[in-house]
Amino acid sequence: MSPLRRGVKSDAPAVAQRVADQLFNDSRVEPLVASELPRAEFESALVASHSPFWVDDSHGRLRGHLYGATLDDPLHGRQTWTGPDGYSFDVEGVLDNLLEWAYREWRAGGSTAHLVWALAGNGTQAWVERGYQIISVRGSTALEDVEPTPWPRGQRLRFATIDDLETAVAFDEMIDQAQGVDVSALSEAQRAANAADVAELLEDPECRYFLVEVDGRPAAQCVTYPLPALRGNFPDTVYLGSLAVHPDLRRRGLARVLVRTALDAARRDGFGHAEVRWHINNHGATSLWSALGFRPTYVQLRRSLVEGPAGD
Ligand SMILES: CC(C)(COP(=O)(O)OP(=O)(O)OC[C@H]1O[C@@H](n2cnc3c(N)ncnc32)[C@H](O)[C@@H]1OP(=O)(O)O)[C@@H](O)C(=O)NCCC(=O)NCCS
């Protein structure tokens with residue numbers, strides 16, 4: 001008889017223990033991964049979630065769990081997301097059973113793909129063997145390693161405001177393009193949603209929106225803000241995103257100086273770690289972040305639920 005079943009409220013402490021053990025192991029492999037798990041919070045979020053989870057229950061001993069949140073994405077449609085704390089398995093056969101049950105339910109709910117975060121390196125193998133492809137990377141650095149860099153002459157750095165919305169949206173589109181999005185094919189609704197996201201960042205008091213001007217023209221931008229609690233992150237983590245340099249001014253060290261400046265400001269604000277994300281096909285970003293001392297911690301993998309082997 002299959003030891004698989006739907007998870008229930010009373011499973012939460014055992015699932016939390018498995019997640020805590022896994023995070024501890026991840027942090028031993030990669031010290032930029034934080035091992036702390038706020039257990040009570042984790043357990044109540046698991047129980048309160050609208051999405052189901054499954055457990056492999058071998059005579060009262062859990063051998064694995066799987067959770068995925070199915071949500072609508074404006075660009076990619078309905079997909080299911082699993083964080084680094086959303087799964088565990090003692091052996092790969094347990095993962096296969098969990099996925100078989102979950103795929104059935106996710107597909108029935110209209111989900112077209114499953115996205116999962118796995119520890120960079122060894123953590124990805126089981127997923128790759130099951131048809132998943134790496135799509136993006138979370139990279140971190142400890143800010144004590146960042147040295148202040150002098151800002152080059154003739155360039156001006158200021159904070160952007162909502163009056164810079166058009167400029168900020170144009171930079172945002174450069175990032176989308178670098179990540180393989182055909183910006184010209186976006187619908188009006190998608191463009192409006194993107195512009196609203198940028199406006200939100202420009203107006204968020206917790207967010208620093210850096211804008212570099214060269215000869216009075218917008219040359220580069222990036223954004224920093226405190227990263228909300230995220231599994232595997234240290235609580236003092238600043239997120240750095242929306243980095244873009246005008247195409248005419250690339251490979252002159254602008255991004256390097258801007259990032260160093262933004263991180264130095266964050267360090268002075270009390271942050272101890274920084275996180276960035278990049279798309280795996282964005283070769284410029286992949287080289288840049290490693291040149292600036294960021295190391296991959298978790299990678300996101302994706303598998304279509306629509307075509308290919310059904311898993312059931
Ligand atoms: C990625 C990007 C921000 C880099 O800006 P930049 O000002 O050209 O970068 P820098 O000149 O400071 O480069 C610093 C280092 O990063 C690496 N690097 C940057 N761009 C690179 C590229 N296209 N290919 C390979 N390495 C690159 C190099 O190691 C470089 O050092 P080097 O020039 O001494 O070899 C810029 O190409 C860009 O705006 N791209 C489109 C938007 C985007 O992809 N943003 C990042 C999203 S995560």
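These are my notebook entries on the domains, one helix pair and the ligand shell of a predicted model.

**Entry 1: domains**

I started with the overall layout and found the protein divided into domain 1 (4-130) and domain 2 (143-296). I then looked up the spacing: 30 Å separate the centres of the two domains, taken over C-alpha atoms. Next came the contact between them, where I noted eleven residues of domain 1 touching eight residues of domain 2. On the domain 1 side, I listed eight nonpolar, one polar and two charged residues.

**Entry 2: H5 and H6**

I turned to helix H5 (residues 165-178) and helix H6 (residues 188-203), whose axes come within 10 Å and cross at roughly 120°. I therefore logged H5 as oblique to H6. The handedness was my next check, and H5 passes H6 in a right-handed crossing. Which residues meet here? From H5 I wrote down Leu165, Ala168, Val169 and Asp172, and from H6 Asn194, Ala195, Val198, Ala199 and Leu202. Sorted by class, the residues of this contact are seven nonpolar, one polar and one charged.

**Entry 3: around the ligand**

I looked up the shell around the ligand last and found 21 residues, of which Ala178, Arg250, Ala255, Gly284 and Ser287 come nearest. The elements giving two or more residues to this shell are H5, strand S12 (237-245), helix H7 (254-268) and helix H8 (283-291). Which element gives the most? That is H8, with six residues. For the class tally of the shell, I noted twelve nonpolar, five polar and four charged residues.

Key:
Residues are numbered from 1 along each chain as its sequence is written. This is a predicted model: local features need pLDDT of at least 70, side-chain atom pairs count only at pLDDT 80 or more; totals for chains, interfaces and linings use all residues. Axes are lines fitted to C-alpha atoms, for helices over the stretch in contact, and angles run from 0 to 180 degrees between N-to-C directions. Helices (H or I, at least four residues) and strands (E, at least two) are DSSP runs, numbered from the N terminus. Angles under 35 degrees count as roughly parallel, over 145 as roughly antiparallel, 65 to 115 as roughly perpendicular and the rest as oblique. A crossing is left-handed if the near helix is turned anticlockwise from the far one by less than a right angle, and right-handed if clockwise. Two residues are in contact if their C-beta atoms, placed from the backbone, lie within 7 Å. Ala, Val, Leu, Ile, Met, Phe, Trp, Tyr, Cys and Pro count as nonpolar, Asp, Glu, Lys and Arg as charged, and the others, Gly among them, as polar. A residue is near a molecule or strand if its C-beta atom, placed from the backbone, lies within 6 Å of it. Domain bounds come from an automatic or database domain assignment.
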